[in-house]
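Hi everyone, thanks for coming. I'd like to walk you through a model I've been looking at, so let's put it up on the screen.

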Amino acid sequence: MKPSIQLHLHQQLSLTPQLQQAIRLLQLSQLELVTELRELTEANPLLELLDDEPTAEDIRAESPAGSTDGDADENTWEPDPGLPDTSLDFSHAGNTSAAAPPDDAEPTETAPEGLREHLMWQLNLSPLTPRERLVATVIIDALDRNGYLNETPETLLATLPSSFRANLDDIESVRRQVQTFDPAGVASINLGDCLDAQLRQLAPDTSHELARRIVADGLDLLARNDLARLARKLRADPEDVADACALIRSLNPRPGAAFDPTPVEYVIPDAYVRRGGDHRWHVSLSPNSQPNLQINQHYCDLIKTAQRDDAAYLRGQLQEARWLLKSLETRADTVLKVATAIVERQRAFLEYGPEAMRPLVLREIAEQIGMHESTISRVTTRKYLHTPRGIFEFKYFFSSSVATTGGGSASSTAIQAMIGQLIAGENPRKPLSDQALAKVLEQRGIHVARRTIAKYREVLRIPSSSERQRAS
């Protein structure tokens with residue numbers, strides 16, 4: 001074959017750096033977005049974070065007086081007038097340039113005390129010998145977040161210095177002393193040991209001794225709430241067994257969990273939905289949804305007078321800053337569109353509750369606002385909507401459909417709410433079985449298999465009918 005020149009036409013989608021940045025910002029949560037923007041601000045001198053929106057006087061004061069140069073207009077950024085104003089409301093956000101508190105101001109918050117620090121403080125006040133304190137320190141360092149000792153005595157003994165002469169009895173003796181520290185039951189090897197350590201510190205009485213017997217030889221029956229069989233096994237009065245079980249349930253099975261240093265994560269809504277005076281639902285972005293980010297006009301003005309290399313660098317940073325602000329505007333506009341479309345589809349939920357939730361999939365929202373399903377998936381991840389019924393993640397409003405006998409469909413979320421409502425109103429002495437729940441839903445026109453009822457019940461963390469009956 002002779003070489004020849006051929007012409008082919010084909011389409012190709014390229015992910016430009018600007019598009020990649022827009023996609024990355026779209027899938028970030030609100031807290032992650034703030035962190036990302038602060039890092040970008042530190043790397044780009046053309047970006048700055050402010051506390052409040054600049055006033056007209058501030059803008060005139062920062063701009064050169066009487067400047068009519070064409071280059072100045074080119075290097076001045078203005079928001080796109082085609083986007084809604086709600087997507088540009090970046091006020092009331094965190095700022096890295098906020099004024100620092102005075103040196104003599106007292107701190108309002110302190111780091112939470114961890115379990116190890118709490119135990120070591122007690123160890124330093126205890127009348128133990130230096131050898132015992134060393135063993136106790138090794139034991140405390142080996143505790144997990146719940147206060148349990150998962151290491152074997154042999155492993156703890158191997159952790160001690162080779163010159164330290166100790167045996168397994170020494171390890172066990174010190175462990176028993178650590179168990180008396182606050183919180184009671186810490187340094188236990190299992191649940192029974194933890195509960196028994198707490199019972200040992202209580203004043204002995206009839207319930208106390210019986211409770212220790214249950215902890216030693218009847219925790220499995222107590223977990224199943226089979227008190228009748230437990231009373232027969234221990235040859236005790238059923239009322240005394242009930243009192244002892246109540247005492248055991250008042251104990252703390254995880255004594256170290258209260259000292260977990262993991263900070264509490266707070267949910268900040270990305271959008272709000274409120275009913276207006278016209279009895280319609282109105283959606284707006286949260287005023288704290290994005291930081292108050294803007295172009296630093298001072299550095300823009302330096303482009304005209306800077307050297308060639310410096311001017312080229314500043315122009316590149318200015319272009320990146322424009323792309324970033326444009327991506328933020330697009331992100332805010334997309335979040336608002338998705339939230340509005342969800343509210344339109346789930347208006348019945350806002351008015352009547354979870355039982356009125358409609359089936360909804362990502363494709364329906366994507367078709368309504370003219371975007372791809374992958375974009376909707378990114379928007380609905382870690383984004384939250386504040387409603388009169390609480391704060392919910394966007395994904396909460398999406399659920400599969402279950403066919404009804406009337407030819408329609410019902411949301412799986414609505415069916416779960418119905419199941420929870422039926423169980424909450426059942427007779428405690430005769431709880432509804434999964435088959436009975438299926439029959440009740442069948443009478444309401446919703447055909448659901450018994451296995452599906454069991455799956456929904458497990459999702460709601462509701463025990464079976466037999467367990468609910470024993471618990472009553």
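I'll go from the whole chain to a sheet, then to a cavity, and finish with a single serine.

One thing before we start: what you see is a predicted model. The protein chain has 22 helices and 8 strands. Of its 472 residues, 37% count as buried. If you take the contacts between residues at least 6 apart in sequence, 66% of them join residues at least 24 apart.

Now, the sheet. In what order do the strands of the open sheet come? There are 4 of them, and they go S3-S2-S5-S6, with mixed pairing. Strand S3, residues 281–285, and strand S6, residues 390–393, stand at the edges; each has a single partner strand, so one side of each is left without a neighbour in the sheet. From one strand to the next, the twist averages 25°.

As a quick reminder, strands of a sheet pair through backbone hydrogen bonds, either parallel or antiparallel. Here, S2, which covers residues 271–275, and S3 run antiparallel and are joined by 5 bridges. If you'd like one pair to click on, take valine 273, whose bridge partner in S3 is valine 283.

Next, please find helix H15, residues 308–345. H15 lies across S2, S3 and strand S5, the last of these being residues 384–387. Relative to S3, the helix runs at about 160°.

That helix also brings us to the cavity. How many cavities of 30 Å³ or more turn up in a search of the whole structure? The answer is 1. The largest cavity has a volume of about 40 Å³. Its lining is made up of Asp270, Leu285, Ser289, Gln290, Arg331, Ala332 and Val335. By character, that lining divides into 3 nonpolar, 2 polar and 2 charged residues. Helix H15 supplies the largest share of the lining, 3 residues.

Last stop: serine 412, which is found in helix H19, residues 412–424. Is serine 412 buried or exposed? The cut-off for buried is under 20% relative accessible area. Serine 412 has 8% relative accessibility, so it counts as buried. Which residues does it touch, leaving aside those up to four places away in sequence? Serine 412 touches Ser399, Ser400 and Tyr456.

That's my tour; thanks for listening, and I'm happy to rotate the view for anyone who'd like another look.

Conventions. Residues numbered from 1 in each chain as written. Predicted model: local features only at pLDDT ≥ 70, side-chain atom pairs only at ≥ 80, totals over all residues. Heavy atoms only, no water. 1 Å grid on protein atoms, 1.4 Å probe; cavity = no way out; pocket = protein on both sides within 12 Å on 5 of 7 lines; lining within 4 Å. Points joined across faces, edges and corners; volume = space filled by probe spheres on them. Helix = DSSP H or I, 4+ residues; strand = E, 2+ residues; numbered from the N terminus. Nonpolar A, V, L, I, M, F, W, Y, C, P; charged D, E, K, R; others polar. Pairing = 2+ DSSP bridges. Axes fitted to C-alpha atoms, helices over the stretch in contact; angles between N-to-C directions. Contact = heavy atoms within 4.5 Å. Buried < 20%, exposed > 50% of the residue type's maximum accessible area, 1.4 Å probe, protein only.
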